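This report describes a two-part reading of one model: how far to trust the coordinates, and how selected parts pack together.

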Amino acid sequence: MTPVEIKAVILDILEGIAPDEDLSDLKDDVPLREQLELDSMDFLDIVMELRKRYRVQIPEDDYVQLATMNSTVNYLSPMMKDLEKA
Amino acid sequence: MPKDFLQGARERYDTIVIGSGLAGLTAANTLARSGQSVLLLEQHYKLGGMATWFKRPGGHIFDISLHGFPVGMVKSCRRYWSEEIAASIVQLKNIRFDNPMFSLTTTFNREDFTRLLIEQFQVPADNVRAFFDAARGMNFFDDQATTVGQLFERYFPGREDVIRLLMEPITYANGSTLEDPAISYGIVFSNFMSKGVFTFQGGTDRLIKLMHEELIKSGVDVRIKCDVQKILVRDGRVAGVEVNGRQIEARAVVSNANLKATIFHLVGADHFDRKFREDAEAVRLNNSSCQVYMALKPGAELDESLGDLLFSSTAPLFRTEALLSRDVTSRTYSFYYPRTRPGSDRSLVVSSTNARYSDWAGLSSEDYEASKRDLVETTLDALARYVPEIREKLDHAEASTPLTFRHYTKHMEGASFGTKFEGLAVSRAIPEQVGGLFHAGSVGIIMSGWLGAMNYGVIVANDVDSWLLKSAPMTPPVASVS
C-alpha cells in the first residue's frame, strides 16, 4: 500500500468511528484529537480495526504515533507497504 | 441425570470467557466479531452479572444496578453491540439532592453544575472553571498521590457543602471515598458531567436479552449454570478451564470473576511470582451495598417531581464512614416510572446504601432476617418523607444485603464496585505472569460501573486478540525434536 492508500484506509476507519463528523477538511499535520471528538477508546478502535483488516500489530507504547494523520501514515508505512488494500 | 449444560460444547476454543458481567459479555462479543471461537461460561442461570434484575409475583420487575450511567454508553453500545441497544439509551433529567446542607434539582452536567456552584453556592466562577478543567484533564497516567479530598481542598477550601454535592453521587456510583486518588474521581465525574445521567429504556432484562441475541449472532457459544472450578495452567501458559467436571482447552482465558478470586481461587497463588502475589494480596476490595426494593400496586403512581435519582441524607455533614454505617442516614433512591418499561403500569423505588460485608456476615440467621426486616421498615419510614402514602400504595417490599450480592455474583465479600484503585495495575499485569490469562471486570474505580466495565471488556479483548495473533502457531508446525 502507498501512503495515499494508507491514508484512505485510516479515513475509512475514522468514518466508522465518528460517523457524525465531517472528515473532508481534516488537516494532516494537526492532532486528530483537536479536530475530532475522539477519546482513548476511539484510538483503541483504530488499533483493533487495523489488526482485524490487515493483521497489523500496534503495541500500546506506540499509540502516540497515531496523533496526526501524517504521523499515523508515516508510522504505518513500513508495516503496510507490502500489503494489498482490502 | 442432571442436565448437562455443556452438551455439544467443543473440546477447544480460541478464548474462554469466565463470567458474563458487562465486561465479560463485551469482551466475548468483541473477540467473536474479530473472528475467534469463544466460549462464554456463566455460573448463574442468567447473564449480566451485577447488571441484573429479578421478578416477583404480580408482575413486578426490579433492576439491581440500573441507576444511571454517562453518555459514553451510547457510543460504546453502538460500536460494540448494536444500533438497537444504543437507541434505547435515554437521559434521566431530574437528579435531586436533599440533605441538611442543601436541596436542589439538577440535570447533572457541567453547565448546570457551574450555574449551581456560582449562583447557589456562591463559588467564584474562576474556581469552578479551573476545577472542571482539572478534572477533565485527568488521565490514567497522572500523579496518583493527590487524593480526592486534596483536590477539593485546592479549589473549594473549607466548603463541606460543595464537597458533598460533588462527591456524594460518585460515592454511590462506585464506592469511592475522599481518600481515593483524585484521578479516579476526575475521570468518572467528568464522564457524567459531559452530558448528564442516562438509563436504558426497557430495563436490564431487555438489555441483557438483546446482548444475548447479539452474542449468538456473533457466534459466541453461551453457557449458563457453568461454574468454573479451575483455570488450567501449563508451563506458565493458560491451557483451559475445568468446568462442571469437564476440561475444555483454550489458548486464552478472560476471567470476569472478582480479581482476587481469579488469582487465588481459580488459578492458584503458586502460578504467580512473589512480588505479584504481594501486590494482589494488598488489593483492597470495594465496599458492598444494601438495597430495598419497593413495588407499588398496579396502576399506583409516583409524582414525577420526585425526580429520577434522589441523593437523600439526614446526616449534618458528608462522611464516608457514615455512608457505610449500619446506622443508615443516607440513601439513594432510584424512582422507576412506567416509562422505564414502556407499556407497563408499574412504579417502583429502589433504595441503595453502601454497606460493609463484615457488618452482615457474622449475624445468626434469626438476627439476619430481623435486620433485613428492620432495613425494609426504616427505609419505608425514610421514604415517607418524600412519598407520604408509600405504605398504602405498596404491593411488595424486600431487602438485599452484602450477603445477597455475594450469593448471586460470588464476589468476595459481596463487593459491588470491584476493587480500589490498585486493583487495576494488578489486573493489567496478570498476562505477564501467566501467558494467555487476562482479567476484565470492575477494578480500580475507573473501570467500574456499566460504562467502565464495558469499556474494560473491549480493552482486554484487544489485548487477547493481539496475544493470539502473536502466539499463533507457525504454519506448517515445525516437527518436534524429541
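Two residues are in contact if their C-beta atoms, placed from the backbone, lie within 7 Å. By that criterion, Phe276(B), Asp279(B), Ala280(B) and Ala282(B) of α11(B) meet Glu422(B), Val426(B), Ala429(B) and Gln433(B) of α17(B). By class, this contact comprises 5 nonpolar, 1 polar and 2 charged residues. The structure is a predicted model, and its confidence scores come next.

**Confidence**

The overall scores are ipTM 0.88 and pTM 0.93. Chain A has an average pLDDT of 92, with 100% of its residues scoring at least 70. Among the elements of chain A, the lowest mean pLDDT, 90, belongs to helix α2 (residues 32-35), and the highest, 96, to helix α4 (residues 69-80). For chain B the mean pLDDT is 93, and 97% of the residues reach 70 or more. Residues 474-482 of chain B have a pLDDT below 50, and this stretch makes 0 contacts in the model beyond near neighbours in sequence. Where pLDDT is low, the predicted coordinates should not be read in detail.

**Two helix pairs in chain B**

The table sets out the geometry of two packed pairs.

| Pair | Angle between axes | Axis separation | Handedness of crossing |
|---|---|---|---|
| α11(B) (274-282) and α17(B) (422-433) | about 150 degrees | 10 Å | left-handed |
| α1(B) (22-33) and α9(B) (203-218) | about 25 degrees | 9 Å | left-handed |

How do α11(B) and α17(B) run relative to each other, roughly parallel or roughly antiparallel? Their angle is about 150 degrees, and angles over 145 degrees count as roughly antiparallel, so α11(B) and α17(B) are roughly antiparallel to each other.

The other pair is handled in the same way. α1(B) and α9(B) pack at about 25 degrees, and angles under 35 degrees count as roughly parallel; α1(B) and α9(B) are therefore roughly parallel to each other. On α1(B), the residues that meet α9(B) are Leu25(B), Ala28(B), Asn29(B), Ala32(B) and Arg33(B). Their partners on α9(B) are Met211(B), Glu214(B), Leu215(B) and Ser218(B). This contact divides into 5 nonpolar, 2 polar and 2 charged residues.

**Domains of chain B**

The domain assignment splits chain B into three parts: domain 1 (12-45 + 224-284 + 417-470), domain 2 (53-91 + 198-204 + 287-409) and domain 3 (109-195). Taken over C-alpha atoms, the centres of domain 1 and domain 2 of chain B are 29 Å apart. In the contact between these domains, 11 residues of domain 1 face 9 residues of domain 2. Which elements give two or more residues to the domain 1 side? They are α1 (22-33) and α18 (449-470) of chain B. The largest share of that side, 6 residues, comes from α18(B). By class, the domain 1 side has 5 nonpolar and 6 polar residues, and no charged residues.

**Contact between the chains**

How many residues does each chain give to the contact between chain A and chain B? Chain A contributes 9 residues and chain B contributes 9 residues. On the side of chain A that touches chain B, 4 residues are nonpolar, 1 is polar and 4 are charged.

Methods. Residues numbered from 1 in each chain as written. Chains lettered and ligands numbered in written order. Predicted model: local features only at pLDDT ≥ 70, side-chain atom pairs only at ≥ 80, totals over all residues. pLDDT = per-residue confidence, 0-100. Axes fitted to C-alpha atoms, helices over the stretch in contact; angles between N-to-C directions. Helix = DSSP H or I, 4+ residues; strand = E, 2+ residues; numbered from the N terminus. Parallel < 35°, antiparallel > 145°, perpendicular 65-115°, else oblique. Left-handed = near helix turned anticlockwise from the far one by under 90°. Nonpolar A, V, L, I, M, F, W, Y, C, P; charged D, E, K, R; others polar. Domains from an automatic or database assignment.
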